[in-house]
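Hi,

Here is the structure I promised to pass on. Have a look at it first, and my notes follow below.

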Amino acid sequence: MTVTDFLRRNRLDPARLDLRAACRAYVEEMERGLAGRPSSLPMIPTYIETSRELPRGPRVIALDAGGTNLRVAAVSFDGSGAPVVEGLTRGHMPGVESAVTREEFFRTLADAVRPHLRDSDRIGFCFSYPAEITREKDGRLIQFTKEIKAPEVEGELIGAGLARALSAQGSVKIVLLNDTVATLLAGRNAVPGRRFDDFIGLVCGTGLNAAYVEKNARILKLTPGSVGADGSMVVNTESGSFARGARGALDDAFDATMNNPGRYRHEKTISGAYLGALCRFAAEAASRAGVLSAETVRAIQQAAAFSTRDLNDFLLYPDRTDHPFGAAVSGRDEDARALYRLCDTVVERAAAMVAVNLAGVVLKSGRGRDPRYPVCITVDGTTFWQLRTFRFRVESWMRRLLSGDSERAWEITSVEDAPLLGAAIAALTN
């Protein structure tokens, strides 16, 4: 079997996939989720508003619980609106390295926050996992993703759990939001003087998610009268759970090796937590199909791990042997070419699927019809910005999807420390 045949049979080549159909399916899932009908996209109302003016001067505590990192700082905004970040500390997210109990989880968070309570009793908590957000802007954890091991925390109110762990220091006010929502908020504040038709937040790093602003009247699953019908709020799509994307039998087999099979299938084809491992899994399957030699099979199987950083090193420096992809094909040019094409195509498909997500959100928003006022898409995440040419691949696929009758104006930007700053903005304006 040739590498071309292998890519086609396993639905890895995006050029052979109907991406417009996938985009239409994404919009349909969004609409079903907003209406409360069965959908792979939860479309979580956040109750976070975006219309209030950002106050200048007051400090709040910003807590960013990311895929692997835990960051805390005191944040304020000066007279020009520029952020002032003070006392930034970093640690590991509880449950990454080993399983933790409910008490250990909240104690770790409280220990990180406690030194900053001298600055403020208001906390903006950027929580990077799916949670059902309450009107009080707390969140009940639905499930952990990114291989976090803290099963006792699932079903718990996260903000309330942190407040209890800090109760000895007095009461605190916590606004909880998703990292993607925080990225959207940071983008709204980062481009003064520009007029955009709307704003979208995308996180494409360890995980994958998108958030956008929706009119309250279109969120049909909300209890009537619970929010103003004329207003709007940020909606967290939880796009990593999209179940109608382009996947094949190889993706099914890879998913079965995870500790959460059947969950967040879409994210497993795209995000940095999985791309390196997916390429290794695909390479092993290609070896069994005769695409790669027996020597390469043994080298791949003997390697301890294939991370997305290793994948990026291979795409940038294919001749080096200080990463497992290059070492596996050292001295075998035919295998090296086949493995490179395999990995590069898996990355290309990931970029195409991100474009499906973004194009679907832009189309659902109904914005960007006037070319003078594009939709501002703020993106955070190392996969998007650091994986070889990934940003340009996404933009190329978006131009194809948002053309013709679907043409929309859009622009991609970034904000340094977007989740941390967005968390602070949420605490100051909600």
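Which strands each supply at least two residues of the lining of the second largest cavity? They are strand E6 (131-133) and strand E8 (173-177). Before you read on, keep in mind that this is a predicted model.

Let me stay with the cavities for a moment. The structure has three of them at 30 Å³ or more, and the second largest holds about 70 Å³ of space. Its lining includes Ile 44, Phe 127, Tyr 129, Leu 176, Leu 177 and Asn 236. Sorted by class, that lining comes to eight nonpolar and three polar residues, with no charged ones.

Phe 127 turns up again in the largest nonpolar core. That core has 114 residues, and Phe 127 is among those with the most contacts inside it, along with Phe 105, Phe 125, Leu 342, Ile 377 and Phe 390. Helix H11 (residues 333-365) gives the largest share of this core, 19 residues. There is also a second, separate core of 31 residues, and Ala 62, Val 175, Ala 182 and Ala 186 are included in it. As for Phe 127 itself, its contacts beyond four places in sequence include Phe 105, Met 93, Leu 141, Leu 176 and Leu 177. As a general point, nonpolar side chains in soluble globular proteins tend to be buried together.

Now the pockets. The largest has a volume of about 600 Å³. It is lined by 23 residues, and Asp 64, Asn 69, Asp 380, Gly 381 and Thr 382 are the closest to its centre. Strand E3 (69-77), strand E4 (83-92) and helix H12 (382-386) each supply at least two residues of that lining, which divides into four nonpolar, twelve polar and seven charged residues.

The second largest pocket holds about 470 Å³ of space. Of its 22 lining residues, Val 213, Glu 214, Gly 231, Ser 232 and Met 233 lie nearest the centre. Strands E10 (208-215) and E11 (232-236) each give two or more residues to the lining, with the largest share, three residues, coming from E10. By class, the lining has four nonpolar, eight polar and ten charged residues.

One last residue to click on is Asp 251, in helix H6 (residues 249-255). Is Asp 251 buried or exposed? Its relative accessible area is 4%, so Asp 251 counts as buried. The side chain of Asp 251 makes a polar contact with the side chain of Arg 349 (2.8 Å). Asp 251 also touches Asn 10, Arg 265, Thr 269 and Leu 278.

Happy browsing!

Notes:
Residues numbered from 1 in each chain as written. Predicted model: local features only at pLDDT ≥ 70, side-chain atom pairs only at ≥ 80, totals over all residues. Heavy atoms only, no water. Helix = DSSP H or I, 4+ residues; strand = E, 2+ residues; numbered from the N terminus. Buried < 20%, exposed > 50% of the residue type's maximum accessible area, 1.4 Å probe, protein only. Contact = heavy atoms within 4.5 Å. Polar contact = N/O pair within 3.5 Å; in protein donor to acceptor, adjacent residues only side chain to side chain. 1 Å grid on protein atoms, 1.4 Å probe; cavity = no way out; pocket = protein on both sides within 12 Å on 5 of 7 lines; lining within 4 Å. Points joined across faces, edges and corners; volume = space filled by probe spheres on them. Nonpolar A, V, L, I, M, F, W, Y, C, P; charged D, E, K, R; others polar. Core = buried A, V, L, I, M, F, W, Y, C linked by side-chain atoms within 4.5 Å.
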